[in-house]
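Here is a friendly walk through one protein chain, taken piece by piece. Keep the picture open while you read.

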Amino acid sequence: MIIFGTKGRSIKMDSGEFHCPNCNDNRVYNKKYVQDWFTLYFIPTFPVGGKKNEHIECEECSSIYHLDVIDYKSGLNDEEMTSEYEKALQNVLCLMIIADNKVEDEEVKTVSNIFNKLTNDKKLSKAKINKTISNLKKDNLVVDEYLKNIRPYLNAEHRELIIKAMYYVAGSDGHLDDREF
């Protein structure tokens, strides 16, 4: 039996120094892109397709950012320099709240608590959660599609934390709905 498929690999293009918003200090970064590779028996053999999802990764904390983080200006506010992980975490948790078409206070509290714990006490207020929910509803986003789109921007640890957090939010209202999975 021959086992084959494809797998995305992160490939380093460049490196340098930048101001990491997560570390809040100057750090070494790696500029990377993702490329799909043909795999044979789970061994990457040759690249297929082109470069995609160029990003900047901090060597110190492994946070991943869009390329514009290199142009950091000290006048930018926290929202403008939020890491891709924090944006993804916030959006996924809010998508989990609206998956069953009901927004319950217990879910909002759970999202706020989880976000604060996973981001070293960066506060996510009820007002910010409601604004995010409103924006996500306008964009008609659903959890599985959103996760597929953001996957390349997150490292393995961040993906694992987001999945665990999703399950906590799904069960926070006392029942699990099929649309939450």
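N26 sits in strand β2; strands here are DSSP runs of E with at least two residues, helices are runs of H or I with at least four, and both are numbered from the N terminus. With a relative accessibility of 44%, N26 counts as partly exposed. That label covers what falls between buried (under 20% relative accessible area) and exposed (over 50%), using a 1.4 Å probe and protein chains only. Leaving aside residues up to four places away in sequence, N26 touches E17, F18 and H19, where contact means heavy atoms within 4.5 Å. N26 and E60 are 34 residues apart in sequence, and their C-alpha atoms are 10.0 Å apart in space.

Before going further, a word on where this comes from: it is a predicted model, in which local features need pLDDT of at least 70 and side-chain atom pairs count only at pLDDT 80 or more, while totals for chains, interfaces and linings use all residues. Residues are numbered from 1 along each chain as its sequence is written, and side-chain values use heavy atoms, with hydrogens and water left out.

Now zoom out. The chain has five helices and five strands, and from the N terminus on they run β-β-β-β-β-α-α-α-α-α. Of the 181 residues in the chain, 39% are buried. Among contacts with a separation of 6 or more, 59% are between residues 24 or more positions apart.

Back to β2 (residues 25-40). How many bridges join β2 to β3? Four bridges link β2 to β3 (residues 43-47), and the two strands run antiparallel; strands pair if DSSP finds at least two bridges between them. F38 stands opposite F46 in β3. Together, β2 and β3 make a hairpin with two residues between them. In a regular strand, side chains alternate between the two faces of the sheet.

Y41 belongs to that turn, and it is one of two loop residues to look at here. Both Y41 and S62 have a positive phi without being glycine. Here they are together:

| Residue | Loop | Phi | Relative accessible area |
|---|---|---|---|
| Y41 | between β2 and β3 | about 55° | 43%, partly exposed |
| S62 | between β4 (52-58) and β5 (64-65) | about 65° | 25%, partly exposed |

On to the helices. Helix α1 (residues 84-98) packs with helix α2 (residues 105-118) at an angle of about 160°, their axes 10 Å apart. Axes are lines fitted to C-alpha atoms, for helices over the stretch in contact, and angles run from 0 to 180 degrees between N-to-C directions. That angle makes α1 roughly antiparallel to α2, a term for angles over 145 degrees (under 35 is roughly parallel, 65 to 115 roughly perpendicular, the rest oblique). In the contact, residues including L89, L93 and I97 of α1 meet residues of α2, among them V111, I114 and F115. By class, that contact has 10 nonpolar, one polar and two charged residues.

What about the other side of the story, α2 with α5? Helix α5 (residues 156-171) packs with α2 at about 155°, with axes 10 Å apart, so α2 and α5 are roughly antiparallel too. Here E107, T110, V111, I114 and L118 in α2 meet L161, A165, Y168 and V169 in α5. This contact divides into seven nonpolar, one polar and one charged residue.

Definitions and conventions
Ala, Val, Leu, Ile, Met, Phe, Trp, Tyr, Cys and Pro count as nonpolar, Asp, Glu, Lys and Arg as charged, and the others, Gly among them, as polar.
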